[in-house]
Amino acid sequence: FDIDLKDWKISVNQTTATLNNYTLPSLDYVILCSSTEINQFNSKKKTAPSRWPVITNSGASMVLTSPQGVVSDALQFDLTKWGDQSFKEDGGWSFEIIDQSNRSGSAENWSFTGNLHGGTPAEINSNSASNPDKKEPSIHYIKPIGGNSFKISFTEPVNIELLRTQG
């Protein structure tokens, strides 16, 4: 099914960009970039919010949320997690998810592009492969928040509906 990207949000640390009206066809790709860089890409499959968050090599917390506020994907980016990639420190290299069906948030499911041009804009990721999540989530911490309520943090995203039906 197609996805209307209008009002989806990309947050990087404390900066949030709201996507504009763009319909992403089923099983297709789109380039998301700053409005100042959009003309660098020779593709019709691109869109740019008016404000674009900066992702630095020093690290970033990145979250993609739907217009309803549901987290679709997230990543804690830290350059040290992916070994010696010093030749890519000056930027310009795409960071790609390996297995799009694996939403564990695990660093093992992300890598720098293998494409010698620095990325594969609006195409399948160069490192695309099967990389299933083999680790079960575990409880990271439990924090009382008042009365009989607790905040439970897991080591990776969990399907809350499964917890409700199997708990």
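Which residues is leucine 5 in contact with, leaving aside its neighbours within four places in sequence? In this predicted model, the residues that leucine 5 touches in this way are Leu19, Asn20, Tyr22, Leu24 and Val30. Leucine 5 also has a place in the wider interior: the largest nonpolar core holds 16 residues, and Leu5 and Met62 are the members that touch the most others. Two or more residues of this core come from each of β2 (9-12), β7 (60-65), β8 (71-77) and β10. Another core lies apart from this one; it has five residues, including Ile31, Ile38, Ala48 and Ala122.

It helps to step back and look at the whole chain. The protein chain contains one helix and twelve strands, and, read from the N terminus, its elements run β-β-β-β-β-β-β-β-β-β-β-β-α. The chain has 167 residues, of which 29% count as buried. Among the contacts with a separation of 6 or more, 38% are made by residues 24 or more positions apart.

Some of these strands can be followed into a sheet. Four strands, in the order β3-β2-β7-β8, make an open sheet with antiparallel pairing. Which strands stand at its edges? They are β3 (15-18) and β8; each has a single partner strand, so one side of each has no neighbour in the sheet. From one strand to the next, the twist averages 10°.

Strand β2 can be traced through its partners on both sides. With β3 it pairs in the antiparallel sense over four bridges. Serine 11 has threonine 16 of β3 as its bridge partner, and isoleucine 10 stands opposite alanine 17, also in β3. Two residues lie between the strands in the hairpin of β2 and β3, where asparagine 13 takes a positive phi near 55°. The pairing of β2 with β7 is likewise antiparallel and spans four bridges. Here isoleucine 10 appears again, standing opposite leucine 64 in β7. Isoleucine 10 thus faces alanine 17 in β3 and leucine 64 in β7. As a general point for reading such a sheet, side chains in a regular strand alternate between the two faces.

At the edge strand β8, glutamine 76 offers a useful landmark. Is glutamine 76 buried, partly exposed or exposed? Its relative accessible area is 45%, so glutamine 76 is partly exposed. Glutamine 76 and serine 106 are 30 residues apart along the chain, and their C-alpha atoms are separated by 9.0 Å.

The aromatic residues come next. How many aromatic pairs are there? The count comes to two. In one of them, the ring centres of phenylalanine 95 and tryptophan 110 are 5.7 Å apart and the planes meet at 10°, so the pair is stacked. Because phenylalanine 95 lies in strand β9 and tryptophan 110 in strand β10, this pair ties together parts that are 15 residues apart in sequence. Tryptophan 110 counts as buried because its relative accessibility is 16%, which is under the 20% cut-off.

The other pair joins phenylalanine 95 to phenylalanine 112. Their ring centres are 5.0 Å apart and their planes stand at 70°, so this pair is edge-to-face. It links distant parts of the chain, with phenylalanine 95 in strand β9 and phenylalanine 112 in strand β10, 17 residues apart. Phenylalanine 112 is buried as well, with a relative accessible area of 10%. Taken together, Phe95, Trp110 and Phe112 form one aromatic cluster.

The loop between these two strands also deserves a visit. Aspartate 99 lies in the loop between β9 (95-97) and β10 (110-112). Is aspartate 99 buried or exposed? With a relative accessibility of 9%, aspartate 99 counts as buried. What does its side chain reach? The side chain of aspartate 99 comes to 2.8 Å from the backbone nitrogen of asparagine 131, and a polar contact of 2.7 Å joins it to the side chain of serine 101. Leaving aside neighbours within four places in sequence, the residues in contact with aspartate 99 are Asn109, Ala129, Ser130, Asn131 and Pro132. Asparagine 131 therefore appears twice for this buried aspartate: in the list of contacts and through its backbone nitrogen.

Conventions: Residues numbered from 1 in each chain as written. Predicted model: local features only at pLDDT ≥ 70, side-chain atom pairs only at ≥ 80, totals over all residues. Heavy atoms only, no water. Buried < 20%, exposed > 50% of the residue type's maximum accessible area, 1.4 Å probe, protein only. Polar contact = N/O pair within 3.5 Å; in protein donor to acceptor, adjacent residues only side chain to side chain. Contact = heavy atoms within 4.5 Å. Core = buried A, V, L, I, M, F, W, Y, C linked by side-chain atoms within 4.5 Å. Pairing = 2+ DSSP bridges. Axes fitted to C-alpha atoms, helices over the stretch in contact; angles between N-to-C directions. Phe/Tyr/Trp six-rings, centres within 6.5 Å; stacked < 30°, edge-to-face > 60°.
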